Amino acid sequence: RGAGARAQGTRNGMITVYTQANGLLRRTEFPADGRLPPDTVWLDLLEPTPEEERIVEQALSIEAPTREEMQEIEASSRIYQERNGHYMTAVVLHQKEFEPKPNQTPQERRQARLGDVPIATPVTFVLAGDRLVTVRYEEPRAFAIFLGLAFLYLHFAQARFAASPEDKIAPLPGKLWEWFQR
């Protein structure tokens, strides 16, 4: 099976492709043939397998760093240029999702939640031409928050276009901010 055929949510690696249409972010499957859609703006590699790294490296003529390379990188070398990419590795604090045990009392759950210590996890951002590649081995909440906001923006934009197609999409960020302040 190709990388695009892998079921979403598997923990054996995943490539998610985001395209841009009319200024909006859209999630699509990674094509089984390895040819990216021309409007691809972001490839998100979550726990990539060596095969998935190779596929992305060939598609964009870059070197995808391995987990070991990301962890070993010196602070002074976190930003560099190599082949066709500009690289930046950031260390992001991440806290695993709390999973309560079946017979825990509310007090035990609170105590267990307080004992959870954030961990530092590397995330590499690669700018390859006009495309962004992210390589990560954990799921920092910041990614889910960003995607939630991007897709909420898409939802509002679609509703606005359906209501009056001649309206511009530009005022939507302000409207979104007003909605969040309520």
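Reader: What makes the contact between Arg-35 and Asp-33 a salt bridge?

Author: In this predicted model, the side chains of Arg-35 and Asp-33 come to 3.1 Å, N to O. The cut-off is 4 Å between a side-chain nitrogen of Lys or Arg and a carboxyl oxygen of Asp or Glu, so the pair at 3.1 Å qualifies. By that rule the count comes to 4 salt bridges.

Reader: Why is Arg-35 called exposed?

Author: Exposed means over 50% relative accessible area. Arg-35 has 62%, so it counts as exposed.

Reader: And why is Asp-33 called partly exposed?

Author: Its value is 49%. Buried would be under 20% and exposed over 50%, so Asp-33 falls in between and is called partly exposed.

Reader: How do you know that Asp-44 and Arg-136 form a salt bridge?

Author: Their side chains meet at 2.5 Å, N to O, and the limit is 4 Å, so this pair passes too. Asp-44 sits in strand β3 and Arg-136 in strand β7, so the contact ties together parts that are 92 residues apart in sequence. Asp-44 and Arg-136 are both buried.

Reader: What makes Arg-83 and Glu-63 a salt bridge?

Author: Again it's the distance: the closest N and O atoms are 2.6 Å apart, and within 4 Å is what the rule asks for. So Arg-83 and Glu-63 count as a salt bridge. Arg-83 is in the loop between β4 and β5, while Glu-63 is in the loop between α1 (50-60) and α2 (67-72), and the two are 20 residues apart.

Reader: Is Glu-63 buried, exposed or partly exposed, and how do you know?

Author: Glu-63 has a relative accessible area of 32%. That is neither under 20% nor over 50%, so Glu-63 is partly exposed. Arg-67, found in helix α2, gets that label as well, because its value is 33%.

Reader: Which strands make up the sheet, and in what order?

Author: There are 7 strands in an open sheet, ordered β2-β1-β3-β7-β6-β5-β4, with mixed pairing. β2 (24-29) and β4 (79-82) each have a single partner strand, so they stand at the edges with one side lacking a neighbour in the sheet. From one strand to the next, the twist averages 25°.

Reader: What makes the pairing mixed?

Author: Strands of a sheet can pair either parallel or antiparallel, through backbone hydrogen bonds. Here you get both kinds. Strand β1 (residues 14-21) runs antiparallel to β3, joined by 6 bridges, and one of the matches is Thr-16 with Asp-44. β3 and strand β7 (residues 131-136), in contrast, pair in the parallel sense over 5 bridges, with Leu-43 opposite Val-133.

Reader: How do you know that β5 and β6 pair?

Author: At least two bridges are needed for a pair. Strand β5 (residues 85-94) and strand β6 (residues 119-128) have 9, so they pair, and they do so in the antiparallel sense. Among the matches, His-86 has Leu-127 in β6 as its bridge partner.

Reader: Why is strand β3 described as largely enclosed?

Author: 6 of the 7 residues of β3 (residues 40-46) are buried, so the rest of the structure largely encloses this strand.

Reader: What makes Ile-15 buried?

Author: Ile-15, in strand β1, has a relative accessible area of 6%. The bar for buried is under 20%, so Ile-15 clears it.

Technical notes:
Residues numbered from 1 in each chain as written. Predicted model: local features only at pLDDT ≥ 70, side-chain atom pairs only at ≥ 80, totals over all residues. Heavy atoms only, no water. Helix = DSSP H or I, 4+ residues; strand = E, 2+ residues; numbered from the N terminus. Axes fitted to C-alpha atoms, helices over the stretch in contact; angles between N-to-C directions. Buried < 20%, exposed > 50% of the residue type's maximum accessible area, 1.4 Å probe, protein only.
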